[in-house]
Amino acid sequence: MEAGTSSERRFEPAAGRTAAEREQFVPTPIADPGPLGLAAFALTTFVLSMFNSGLVSSAGEPIVFGLALTYGGLAQLLAGMWEFRTGNTFGAVAFTSYGAFWLSFWAFVQFFEKSVPAADAGHAVGLFLIAWGIFTTYMFIPSLRTTAAVATVFGLLAVTFFLLGIGNAGAHPNIIKLGGWVGLATAVAAWYASFAAVTNSTFGRVVMPVKPLSR
């Protein structure tokens with residue numbers, strides 16, 4: 001696509017191809033789905049991390065499952081589908097995948113967890129989380145051509161997944177708590193990236209910096 005077209009000029013803070021270019025704000029028929037995906041991920045991660053960190057009693061943890069199904073899952077999955085329409089490959093892969101992550105997490109707890117022997121549950125969950133850590137690590141590499149805000153989210157998220165995976169696999173509650181704290185930092189970073197995208201788009205100028213990274 002030639003430089004100067006409207007799709008190239010549209011401000012997409014999560015877009016791998018355009019984020020490093022000069023930020024411009026041109027109305028387009030399709031709103032940027034990135035802020036929705038980031039907000040859905042941030043809120044669901046924040047609530048789960050409050051339990052993982054031990055800041056609130058684990059007795060209330062079932063509240064996460066409703067969020068995992070609707071906001072973190074379905075809303076983020078839809079954001080990923082819309083990213084395909086905008087031509088943003090990075091956003092499409094990221095939001096679709098993490099929407100599926102929350103949906104699979106919800107499905108496991110609701111339908112399949114009871115089929116896993118108690119002695120193996122930690123190992124199963126640990127494998128699940130470590131696998132997502134591997135995926136997040138390779139997504140972190142292309143995120144280095146988006147913005148500092150988005151790259152920070154992926155860097156922190158990869159650490160979160162590995163800590164939670166190791167903690168669950170080895171039954172190490174302190175490592176799980178540490179993963180919860182890093183998860184809270186991840187949620188804050190994702191909220192900032194979402195807030196910046198909504199605010200900058202609404203004001204039509206850069207109000208909240210996201211620091212596009214050089215190509």
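**View 1. Helices α2 and α4 cross with a left-handed turn in this predicted model.** Helix α2 covers residues 34–52, and helix α4 covers residues 89–112. The two pack at an angle of about 30°. Their axes lie 11 Å apart. That angle makes α2 roughly parallel to α4, because angles under 35 degrees count as such.

**View 2. Side by side, α2 and α4 meet through named residues.** From α2 come Gly34, Gly37, Leu38, Phe41, Thr44, Thr45 and Leu48. From α4 come Phe95, Tyr98 and Trp102. The residues of this contact divide into 6 nonpolar and 4 polar. No charged residue takes part in the contact of α2 with α4.

**View 3. Helix α4 also packs against α6.** Here the angle is about 35°, and the axes are 14 Å apart. The crossing of α4 and α6 is left-handed. Phe90, Ala94, Tyr98 and Phe101 in α4 meet Val150, Phe154, Leu157 and Phe161 in α6. The contact of α4 with α6 holds 8 nonpolar residues, no polar and no charged. Look for Tyr98: it is listed in the contact with α2 and in the contact with α6.

**View 4. Confidence varies along the protein.** The mean pLDDT is 89, and 87% of residues reach 70 or more. Helix α6 (residues 148–169) has the highest confidence, at a mean of 98. Helix α1 (residues 6–9) has the lowest, at a mean of 40.

**View 5. Two stretches stay under a pLDDT of 50.** One is residues 1–11, with 26 contacts beyond four places in sequence in the model. Another is residues 15–23, with 30 such contacts. Where pLDDT is low, predicted coordinates should not be read in detail.

Methods: Residues numbered from 1 in each chain as written. Predicted model: local features only at pLDDT ≥ 70, side-chain atom pairs only at ≥ 80, totals over all residues. Heavy atoms only, no water. Axes fitted to C-alpha atoms, helices over the stretch in contact; angles between N-to-C directions. Helix = DSSP H or I, 4+ residues; strand = E, 2+ residues; numbered from the N terminus. Parallel < 35°, antiparallel > 145°, perpendicular 65-115°, else oblique. Left-handed = near helix turned anticlockwise from the far one by under 90°. Contact = heavy atoms within 4.5 Å. Nonpolar A, V, L, I, M, F, W, Y, C, P; charged D, E, K, R; others polar. pLDDT = per-residue confidence, 0-100.
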